[in-house]
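Work through the exercises below with the sequence and the structure open. Try each task before reading its solution.

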Amino acid sequence: MPSSFYKDVEFGDRVEVAWMNYMSERTKRVYEQSHGRVPGWDIVDRENDVYFEVKWDTKSCAVWSMYGEERKPTGNLFIEYTNPTKKVDTGIKVSISKFWVYVVKHSPDLLVDEDRIGEYQAHAHLFDKAKLLDFCESGNLRTRDTKRDVEKGDSANARGWLLPWSNVNEAKKESGHLAVYDISAYLSLPSLIE
């Protein structure tokens, strides 16, 4: 696997721990993180048998770069649901989690003021997974194919819906959007820039 894969996994684990620590402090419950490649969930509250899938999004609400060129936020969440090469359900369609958490890298005012470059926040958006899936399936959304955890030259193995934040904001209840939490203090903010 490429080194960027391991870097992504390492940071993904840190994001999961940040969410887990935030929830533990807030609810006074004990949460457990999955280890290795466990499909369908990342964090569990064993006492109540409640599972969370935690996703890290760097492009929907923050400036990002590609090949050294600065890009504007996409305004969309990517919600994986199938592997187009193997023609099997993946992501949200096979998750056993009750909740999906999108930890979104957010840049205030889209970094218009150059003195604020590097000031990022991490906002955790909590979704009811079943409602989010229904919303995506009935939303006539655009899709995108991408390569996830594959070697160079391999075919796209992940297809996802591009869910605009504007759709979520206009229909919070229908989309399953339950709440948003600032968990920036639970992550090392300079690492959010990477």
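**Exercise 1: Placing D57**

In this predicted model, D57 belongs to strand β3, which covers residues 50-61.

Task: Decide whether D57 is buried or exposed, and list what it touches beyond its neighbours up to four places away in sequence.

Solution.
1. The relative accessibility of D57 is 9%.
2. Buried means under 20% relative accessible area, so D57 counts as buried.
3. Leaving out residues up to four places away in sequence, D57 is in contact with N76, L77, V103, V104 and K105.
4. The side chain of D57 also comes to 3.2 Å from the backbone nitrogen of K59.

**Exercise 2: Classifying two ring pairs**

Task: Find out how W19 and Y22 pair, then how W100 and Y102 pair.

Solution.
1. A pair of aromatic rings is described by the distance between the centres and the angle between the planes.
2. The structure has 11 aromatic pairs. In one of them, W19 and Y22 have ring centres 5.9 Å apart and planes at 25°.
3. Planes under 30 degrees apart count as stacked, and the W19 and Y22 pair is stacked.
4. Both residues, W19 and Y22, lie in helix α1 (residues 3-27), 3 residues apart, about one turn of the helix.
5. For W100 and Y102, the centres are 6.1 Å apart and the planes are at 50°, a tilted pair.
6. W100 is buried because its relative accessibility is 1%; Y102 is buried because its relative accessible area is 3%.

**Exercise 3: A charge and a ring**

Task: Locate K105 relative to the ring of Y120.

Solution. K105 lies over the face of Y120, 4.4 Å from the ring centre. K105 is also among the residues that D57 touches.

Methods: Residues numbered from 1 in each chain as written. Predicted model: local features only at pLDDT ≥ 70, side-chain atom pairs only at ≥ 80, totals over all residues. Heavy atoms only, no water. Helix = DSSP H or I, 4+ residues; strand = E, 2+ residues; numbered from the N terminus. Buried < 20%, exposed > 50% of the residue type's maximum accessible area, 1.4 Å probe, protein only. Contact = heavy atoms within 4.5 Å. Polar contact = N/O pair within 3.5 Å; in protein donor to acceptor, adjacent residues only side chain to side chain. Phe/Tyr/Trp six-rings, centres within 6.5 Å; stacked < 30°, edge-to-face > 60°. Lys NZ or Arg CZ within 6 Å of the ring centre and 35° of its normal.
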